[in-house]
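Biologist: I'm new to this one, could you put it up on the screen and walk me through a few details?

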Amino acid sequence: MRVRNRKGASELLEANPHYVVLDPAAAKGRWQELFGNDNPIHIEVGSGKGAFITGMAKAHPDINYIGIDIQKTVLSYALDKVLAADVPNVKLLWVDGSSLTDYFAEAEVAQLYLNFSDPWPKKKHEKRRLTYKTFLDTFKEILPEKGQIHFKTDNRGLFEYSLVSFSQYGMVLKGVWLDLHASDYEGNVLTEYEEKFSQKGQVIYRVEAEF
Ligand SMILES: C[S@@+](CC[C@H](N)C(=O)[O-])C[C@H]1O[C@@H](n2cnc3c(N)ncnc32)[C@H](O)[C@@H]1O
């Protein structure tokens, strides 16, 4: 999903260094210090306009959340939400999910979320899927032993692909939901895409996979 450039997006991000970490390489190994506590760090890669990360931060004040997106404009919309919610336990990063080992030390991240990741349906674009093995290599490095990825999507093809990718990587599937909203799963926080697609009647898939 590409969004149209937003005038003033850079200025907005730069004006909020408390929330937007503009030099994430300098934060490597120091994230809890930056948050000012020793609470666990959960990250969402491809956080979009920030509904999930903001909702999770409100629901779990004892967890530090970092929303990561490759698009500056999208991150600026997430910042709007974070500012409106005034949540102290959120930070935002404008970086590519493939380079997270530059910004996080080994096992520095306790939990990783992928929500409605771009499906890249063409085989020639497989390497861009966030559940492709090179991304899993990166995620594994910053998560602890037995760290988990929690992944939601409406895209059946990407879900099937990801289940296979996780399995081939040797990960253990701890839970699979083929219709999350019809299940008894509690505490689900909706993302923007989840709200849009579920309103259209699409089924939402979810998996928890452990390294
Ligand atoms: C389809 S949107 C979903 C946004 C949000 N998670 C939701 O569920 O509403 C996918 C998001 O992933 C971001 N993205 C795609 N590839 C990425 C990458 N390699 N690193 C970081 N973000 C990425 C896109 O910019 C986009 O904002």
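Biologist: Thanks; which residues come nearest to the ligand?

Modeller: Of the 19 residues around the ligand, those that come nearest are Gly 46, Asp 69, Gln 71, Gly 97 and Thr 191, where a residue counts as near if one of its heavy atoms lies within 4 Å. This is a predicted model in which local features need pLDDT of at least 70 and side-chain atom pairs count only at pLDDT 80 or more, while totals for chains, interfaces and linings use all residues. Residues are numbered from 1 along each chain as its sequence is written, and side-chain values use heavy atoms, with hydrogens and water left out.

Biologist: And which atom of the ligand does Gly 46 lie 2.8 Å from?

Modeller: A nitrogen atom of the ligand, and on the Gly 46 side the partner is a backbone N or O atom. Oxygen atoms of the ligand are approached by polar side-chain atoms, one from Gln 71 at 2.8 Å and one from Thr 191 at 2.7 Å.

Biologist: What else does a side-chain oxygen of Thr 191 reach?

Modeller: At the start of helix 8, residues 192–199, that oxygen of Thr 191 comes to within 3.3 Å of the backbone nitrogen of Tyr 193. Just after helix 8, Gly 201 has a positive phi of about 90°.

Biologist: Different topic: at what angle do helix 4 and helix 5 pack?

Modeller: Helix 4 (residues 51–59) and helix 5 (residues 72–85) pack at about 20°, with axes 9 Å apart, so helix 4 is roughly parallel to helix 5, a label for angles under 35 degrees. Ala 51, Thr 54 and Lys 58 of helix 4 make the contact with Lys 81, Val 82 and Ala 85 of helix 5, contact meaning heavy atoms within 4.5 Å.

Methods. Axes are lines fitted to C-alpha atoms, for helices over the stretch in contact, and angles run from 0 to 180 degrees between N-to-C directions. Helices (H or I, at least four residues) and strands (E, at least two) are DSSP runs, numbered from the N terminus. Angles under 35 degrees count as roughly parallel, over 145 as roughly antiparallel, 65 to 115 as roughly perpendicular and the rest as oblique. A polar contact is a pair of N or O atoms within 3.5 Å; within protein, one must be able to donate a hydrogen and the other to accept it, and residues adjacent in sequence count only if both atoms are side-chain atoms.
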